[in-house]
Amino acid sequence: MTVTRREMLAATAAALAAPLVAPAPAGAAGAAQAAQAARMAPKFFTAPEFALLDELSDLIIPTDAHSPGARVAGVATFIDFRLSESLDTDQQAKWHSGLAAVDTLSQELHGKAFLQGTPEQRLAVLTKMAAGEKDPKTLAEHFFQQLKGWTVRAYYSSKVGIHADQQYKGNVYQRGDYAGYDAT
Amino acid sequence: MTLVKTPPPLSQEVDLSKTYDAVVVGSGAAGGMAAHVLTEQGMDVLMLEAGKKFDINQIGQELRSMQWPYDHPRRGDAPPGYHSLSFNEYTVRNPPYAKGSTFKHVMSYVGGWGGSDYVKNILVDEKDHPYTGTKYAWVRARLLGGKTNIWGRLALRLSDYDFKGKTHDGYGEDWPIAYADIEPYYDRVDRYLGISGVKENLPHLPDSLFQRPNKLTSAEVKVRESLKKMGRVLTPYRAGVTTDGLKHNKYRSKCYGRGACDRRPGGCDIHAAFDSPTGLIYPSMDTGHLTLRTNSTAHEVLVDKNTGKARGVGFVDTVSGKSLEAKAKVVILAASTLESARLMLLSRSPQYPNGIGNSSGHVGHNFCEHVMGPGVTGLVKEMVGKPPTLDDGRPGGFYIPRFRNLKDKQPDFIRGYGFEGGSGFGIFPGSANGTPGFGAQFKKEVRDHAGAFIGLGAFGEVLARYENYVDLDPDEKDHWGIPTLRFHYQFGDNEKKMCQDMVVAGREMLEAAGIDVIGTDDQILTEGWSIHELGTSRMGTDPKTSVLNQFQQSHDVKNLFVVDGSSHVSASCQNPTWTIMALAWRSCEYLAGEFKKGNL
């Protein structure tokens, strides 16, 4: 890679200036994005599984006034890609069974599949899954750990996570002195 | 910017019919320094490197230091089929760890740091490079420059507390040199390669000739101030990184604080951090006196039957599989502490039935390193909710030098340990994994706490003991049919007691600074984890109990030198790379003088 300083400055400036998708208000716009995500055929998950994963990830890291959430960051798409090429069949099976367990739990609690539930009902299911976070026992509780771990990894390594949410200041040319305090 | 992106042409065809003045086995910190010093003295040097050759453009494409995580399809992970060994695997299994693995490629734990794709061609494939014996996390990098391509950059000097350790506390052996002997060579290494840091005037951690230091975060300043009251020091990371630039080196840029250092298993594609190829080898090639042959795995030091002297090196071309010989008047081993010992043990002949240079029986013994694992994490309350700052735009955070068994005498252990640490914001909020819950509250909590943590991890001296050693496995062979090493190595009671103290002292220091300790780790990591293995061919004045003299010259074979970490008499608790290079400089200067006088 031959990059002059000028090119490098331009490249990093461009990366920072790249328009991030604006925070999406809940409701119509959110639904439109979900529909858009669903239209992109998943590689590993079935379309209903993907829609469920997309919604779950966005409940774990939602859009707020500060920054967009997991859906905008493409968390489900990243997980789907990684699993599609994975050689770990045990792990792949856990995702299928985990997502199924979410619907089973939702059926038990509200008599309907997760995505058929109201926002309050969905929250109740996820809250129950998260209750055993420290010491998971049920299938749904184990799946919550796995789901959250991947959501965290995918979100905070995404463009949205690094720039919009964390507002990371590094990986750009630093003019003059570094930030911080002198030791003496 | 004067950074040169194109190296001098590397020789593809190496003349093996000629006899070189010296052959150097290995191209890391030690081999690179040997090449630098000897070529500067006008000697014709052939360097053999077991691994492949990444030229300056290729290594940049491999490390991709500036790549954003989201621009990598797997966010830095290696493609399917690669596996990095975990602490658990090292703990529950025995070497060879990759034996029977269903993965296509198996790497050491370093691949698992979150960036395995950036080192998959740098670390060895454990499947091709087995070893046996006791549990050991052996990290190896086979390519031009060796482990200097991915090292941690902490560049410290040793002191007479180390060189004269036996005089101080009665344990082990003193080195055959004192600090005054090596000080001028540390100075030369500082000036030639560049080092950043702050002078502290500590007798046990001598200052270098520093370039511009890294700065501290407010939390680190707070701990520094608090430690002063305890008579301890927190100093900015002494990094083997040029922060002001090096006018004499056209291959290296100065550090511009961009901050990729800590989110990868290492590697700096602008070469502000020292690496052997740009720091030492390319400049040596510019002299016209260095010939390089890569993919050349040495398996024997050849001996002249009449004189008993070394006459060259037998090696395998790992591409063609052919066995070849390199002829030289002087043989210099710099293959790493463990590989140099293996090579000496492999070099058995009628004159040297126990391996070359091993009349003492000490080759492979007195093997020592640093013990690590124990550490403390603190939450800096006043940093919660603060806007982000660039805190990982530094080659390292801070270092807390040894404070045990200097003037005091600890009841439970001898020698000491230092802490490496860091704090502040990074590219990835690591605390997210441990923050409970989900939703808007979780997200805000992660954001608010991202820069509020400070962490310390200790590195302690492992005592050199004769009974900790490596030898050759009688049965196991590597991919090229070369017998492998077998480990007989375990931490002892002194290390375990020291590790208990690390946790107590770490907690005490954070609490004294008013920082909440939110986590302690007392788990000792597997032997080998520090990647600071040392001592397998120690120096000394007595040929019965040491392998090398004070110039890293074999007591038995005067034209054989071992200039890497093998020669260290004790491990100290201070990181070894800078000492390896200062010693190699001193020894090679002596070597060149003796060579010119016809004494070798």
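**View 1. Strands β1(B) and β2(B) of the predicted model.** Strand β1 of chain B is joined by 4 bridges to strand β2 (residues 45–48) of chain B, and the two run parallel. Within this pairing, Val23(B) stands opposite Leu46(B) of β2(B). The connection between the strands involves helix α1 (residues 29–40) of chain B: β1(B), this helix and β2(B) form a β-α-β unit, which is right-handed.

**View 2. Strands β1(B) and β10(B).** β1(B) also pairs with strand β10 (residues 323–333) of chain B, through 6 bridges. These two strands run parallel. Opposite Ala22(B) stands Val330(B), a residue of β10(B).

**View 3. Surroundings of β1(B).** Strand β1 of chain B spans residues 19–25. Of its 7 residues, 6 are buried, so the strand is largely enclosed by the rest of the structure. In a regular strand, side chains point alternately to one face of the sheet and the other.

**View 4. Contact between chain A and chain B.** On chain A, 42 residues are in contact with 48 residues of chain B. The helices of chain A that each supply at least two residues to the side touching chain B are α1 (5–17), α3 (47–60), α4 (75–85), α6 (119–130), α7 (139–156) and α8 (159–165). α7(A) gives the most to this side, with 4 residues. By class, the side of chain A that touches chain B comprises 19 nonpolar, 13 polar and 10 charged residues.

How values were computed:
Residues numbered from 1 in each chain as written. Chains lettered and ligands numbered in written order. Predicted model: local features only at pLDDT ≥ 70, side-chain atom pairs only at ≥ 80, totals over all residues. Contact = placed C-beta atoms within 7 Å. Nonpolar A, V, L, I, M, F, W, Y, C, P; charged D, E, K, R; others polar. Buried ≥ 20, exposed ≤ 12 C-beta atoms within 10 Å, placed from the backbone. Pairing = 2+ DSSP bridges. Right-handed = clockwise from strand over helix to strand, strands pointing away.
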